[in-house]
Amino acid sequence: MHHAVLSHFLLTGAVLFVLGLIGFLSRRNLIVMFLCTEMMFQGVVVTLGAFSRFHANDTGQTFVIFVLTIAAAEAALALGLVVLLFRRRGTLDVQAWGRLRG
Amino acid sequence: MSIEFAKWVPWLPAAAAVFCGLCCTNRRMRTLAAPVCIVSLVSGFLITLGVKGQIGGELSDAGTRLQVFEWIRIGGLNADFAYYLDTLTVLMLLVVTGVGSLVAIYAAGYMAGDRGYARFFAAVSLFIFAMTTLVMADNLVLLYLGWEGVGLCSYLLIGYYYQKPSAVAAAKKAFIVNRIGDLGFALGIMLIYHQFGTVHFSTFTADGVVYPGLFEHCSRLTLAQVETPVLVIPFLLMLGAFGKSAQLPLYVWLPDAMEGPTPVSALIHAATMVTAGVYMIARLLPVFELSPYALPTVAVVGGATALFAATIALRQHDIKRVFAYSTVSQLGYMFLGVGVLSTVGGVFHLFTHAFFKALLFLTAGSVMHGLAGQLDMRKMSGLRTKMPVTCWLMFVGCLALAGFPFTAGFFSKDMILAAAMDRGLTGQGTMYTVLGIAGLFTALLTAYYTFRVWFRVFMGPTEYEMGEEHAAVEDTPTDGNEADPSADTSIDDGNIKVEHHHDAHEMGWLMNGPLVVLAVGALLAGWLGHADSSGHSWLLSVIEGSSANPTRMVEAAAGHAEAHTMLLGMELHTAMMVISSCLSVLGILVAAYLHWFNRPAADRLAEQWSGSARVLENKYFVDEAMDAVIVKPLRMMGYLCFVFDRLVIEGLVLAVGWVPRIGGLAVRRTQRGALQGYGIGMAVGVAVVAVLIAMVR
C-alpha cells in the first residue's frame, strides 16, 4: 500500500464536499439537505486537517475542533427549526417555504 | 439726578415689552398691559427731564458717553452697547418718551376691548425701546440696531389687524421698501468703518487707550483730503434716511401704513419713527459736510417731496391718508431744513411736527372711533355738535400744520424757508431760491388741504354715515389665546368697560386729556425756537451743543457771501413771516369757501378739472407704475425661478432617485424565494471566481 500523500486527503475532502453540494442542490427534503450541508462541512474539515498535518501547523486542527463544535450546536438548532417548520406546513418539502409571506 | 440714570430710559420700556408679552398669554392679565407700558414711558420721560439739566447747555460741544455693556469687539471694530448723550439726544428723547407717553395713555382708551390689547402695548413698548436706542446710540451699529428695531415694530403694528389682507399687504410693503433704504444705510456704515476705521461717535478712553470717534476723525479731515469713497458715504446714508422718513422715491409705504391702529399712526408714522432719517442726518452732519453735493441733494429731495406729497393730499378723501401725505410733505420740509444747513430749522420742525401731527392723527382717531371706523370725509359733515372737544382740538392741530401765525408750525416752517431763501438770495445758488418758493407754495397747499379736512368734517350741516366696525367688532375671529370666543368687547373682570355707542359720540377724558397736552404743545412749542432780540433761542442752544451744528459749511458759506449781514437776515426773516402768514390765511379762506360755505362750488371745480383731479386722487399713479416697472417683473422673475426649480432642479433630484429604482426593477426577478436557486447561484459564483483565479495564475 502506498504511503498516503496530501493529495489523497484533499481528494477525499473535495469528493465529500461536492457530494454534499450536489445533494444540497438536488434534494428537496429539508432533513436530507441539512445532512448534505453536514457532509460539506466534513469535506472542509478533512481538508483543514490534511493541510495542518502537511504544514505541521496546529492552527488547522484547532479550526477543525471549532468547526465540529459549531456544527454540533448548529445541528441541534437546525433540527429543532426543521421540526417547527414541519409542524407548520405538514411537509418537509423545501418549496413549501418559497414564500415567507403569510 | 445723576446722568447715569439715562441708561434706564430704553430699558424700562424693554422690561415693559417683556411683561406685556407675558400678558398676551393670560386674559386676566391683559388689562395690566396698558398701565405697565404707560408707567415705563412716563418714567422714561421723567428721567429725561431730570437728566436734561446735566447735559450741554451752550458750552459743552462733546456728548457724554455712557457704557452699558461691552457688545461687539472684533479686531478694530469697537461697537459697545453705549449711549451718547448730548443736547440733540435729549431733545429727541423728550419727543419720543413725551409723545410716546401721551399716545400710550390715549391708546389705553382707544384700544380698550380690542382682542390684541396686550400685544399692542408689547409692540409699543418694544418700539420705544428701539427708538430710544436709536437716538441714544453711541455707534452706528447700535444705531442700526435701533433703526431695524423700529422698522420691525412698525411692521408688527401696521399689520396689527392681521385678519385684514390690506393691513398685511401694507405691513409687507413698509418692510420691503424700508429694506431698500436700509441696504444703502448698511453699506454706508460699512464704508464708514472701511474709511475711518471706527463706528462710534464719541472719543473715549478705555484702559489707557484713546479711541478717537467718528466726529473727531471728520473734524481732522480738511476738505482737500477727502477722497472719493468718503464722498459716497453720505449718499448711501441718505438712502437709508429717505426710506425710513418716506421721501421720494421711497415714500410709497407711509400712506399705506395707515392701516395700523390710529395711535400707531400718530406715534410711529408721524411723530417719531419717520423722523429718524432727519435725526440721522442731523447726527451725522459732520460726515455729510465732507461732501459738497450731499446736503444740496438732501435739500432738493426734501423740497420736491414736500411739494409732491402736498399736491396728492389735496384730493384724498380718507382723513388719515390726507394726514399721511401731509406727514410725507412735512418730513420733506425737515430734510429741506437740514439740507440748507438750517439743522436748527429741521430739528425744530421735527419737534413741533411731533406735537401737532400726533394731535391731528389722534383726533382723526377719535372721529374714527366715534363713527365706528368711518374715515371717508365725504360721508361726514358738521360733527362739531356731536364731538365738540375733538372738533376744537383738531382745529388747533390744523392751525399749527397750516402754519397759522404764532402757532408751533408757523415758527419752524418759517425758519426753514427763511434759511433756504437766505442762501438763495445771498448768491449760493438759485436752486435754493426755487426751493424756498416751492416751500412757500407748499405752505399754501398745506393750509388748504388741512382745513379742507376740518371744514368738511366739523362744519356745515350735521349729517354722517356710521362705519361698519360695530358689526365687525363682534364677528372678528379670535386670535389664539388672546381671547376666547365668549369674550365680548367688554372685559368684565378687568377694569376696562367698553360701552357700545351706536351714534357719533365724544371721547372720554382718558383719551382727550393727552390731546389737550398735545394741543398746548402745538400752540406754544414754537416759542421755544423763536429767537429773542439777541438771536438766541433754546433750540439754537440745543443744536449748537450737539454734533448737528453745521460749523464747517457755515464757515465756508460765510466767506462766500459777504453781503450776508445780520440786518438783512432779520429783514428777510420778517418778510418770510409775513408772506407765509398771508399764504396760510389765504389757504384757510379758500378751504373755508370751498368746503364750508359753498360746497357745490368745490364739486363744480373738481368736475372742471376732472383730469388732474383724477391723477391726484390716484396719487399720480405711482403705485401702479411701480407695480408695472418693479413688482410685476420681479414676480415674473420669481415665477421663472419657480419653473426652473420645478423642471430642472427637481428633475435632476428625482432622476437620481430613479437610478436605484430601475436597478431594483432589473434584479427583483432573481429573488424568487427558492432556496436551492440561491444555492446554485452561490455555487456557480464561487466556481466562476475559482476559475478566474486559476486563469490569472
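User: How many ångströms should the 29 residues of helix H18 of chain B span, and how far apart are its end C-alpha atoms?

Analyst: The expected span of a helix is 1.5 Å times one less than its number of residues. Helices are DSSP runs of H or I with at least four residues, strands are runs of E with at least two, and both are numbered from the N terminus. For H18(B), residues 430–458, this rule gives 42 Å, and the end C-alpha atoms are 42 Å apart, which agrees. The model is a predicted one, in which local features need a pLDDT of at least 70 and side-chain atom pairs count only at 80 or more, while totals for chains, interfaces and linings use all residues. Residues are numbered from 1 along each chain as its sequence is written, and chains are lettered from A and ligands numbered from 1 in the order in which they are written.

User: Is H18(B) enclosed by the rest of the structure or exposed, and which residue with a positive phi follows it?

Analyst: A residue is buried if 20 or more other C-beta atoms, placed from the backbone, lie within 10 Å of its own; it is exposed at 12 or fewer and partly exposed in between. In H18(B), 22 of the 29 residues are buried, so the helix is largely enclosed by the rest of the structure. B:Gly460, with a phi near 80 degrees, follows H18(B).

User: How does helix H16 of chain B fare on its span, and how many of its residues are buried?

Analyst: The 15 residues of H16(B), 388–402, should span 21 Å, and the end C-alpha atoms of this helix are indeed 21 Å apart. H16(B) is mostly covered, with 11 of its 15 residues buried. Among the buried residues are B:Thr390, B:Cys391, B:Leu401 and B:Ala402. B:Gly403 follows this helix and has a positive phi, near 75 degrees.

User: Where does B:Ser584 lie, and which residues does it touch?

Analyst: Two residues are in contact if their C-beta atoms, placed from the backbone, lie within 7 Å. B:Ser584 lies in helix H23 of chain B, residues 566–597. Leaving aside residues up to four places away in sequence, B:Ser584 touches B:Ala402, B:Gly403, B:Phe404, B:Ala443 and B:Ala447. B:Ser584 counts as buried because 27 other C-beta atoms lie within 10 Å. By contrast with these contacts, B:Glu465 is 119 residues from B:Ser584 in sequence and 31 Å away in space, C-alpha to C-alpha.

User: Is B:Asp422 buried or exposed?

Analyst: B:Asp422 has 24 C-beta neighbours inside 10 Å and therefore counts as buried. Its place is in helix H17 of chain B, residues 408–425.

User: How do strands E1 and E2 of chain B run, and how many bridges join them?

Analyst: Two strands pair if DSSP finds at least two bridges between them. Eight bridges join E1(B), residues 64–74, to E2(B), and the two run antiparallel. One of the pairings sets B:Leu66 against B:Tyr83 in E2(B). The strands form a hairpin with two residues between them, and B:Gly75 in the turn has a positive phi of about 55 degrees. Eight of the nine residues of E2(B), 77–85, are buried, so this strand is largely enclosed by the rest of the structure. In a regular strand, side chains alternate between the two faces of the sheet.

User: What radius of gyration does chain A have beside that of a compact globule of 102 residues?

Analyst: The radius of gyration is taken over C-alpha atoms, and the globule rule is 2.2 Å times the number of residues to the power 0.38. A compact globule of 102 residues would come near 13 Å, but chain A has 17 Å. Chain A contains three helices and zero strands, and 12% of its residues count as buried. Its C-alpha trace spans about 55 × 25 × 25 Å along the principal axes. In chain B, 48% of the 697 residues count as buried.

User: How many residues of chain B are in contact with chain A, and what confidence does the prediction carry?

Analyst: Eight residues of chain B are in contact with eight residues of chain A. The model scores ipTM 0.83 and pTM 0.78. The pLDDT is the predictor's confidence in each residue, from 0 to 100. Its mean over chain B is 85, and 91% of the residues of chain B reach 70 or more. Over residues 470–500 of chain B the pLDDT is below 50, although this stretch has 37 contacts in the model beyond near neighbours in sequence. Residues 559–568 of chain B also have a pLDDT below 50, with nine such contacts.
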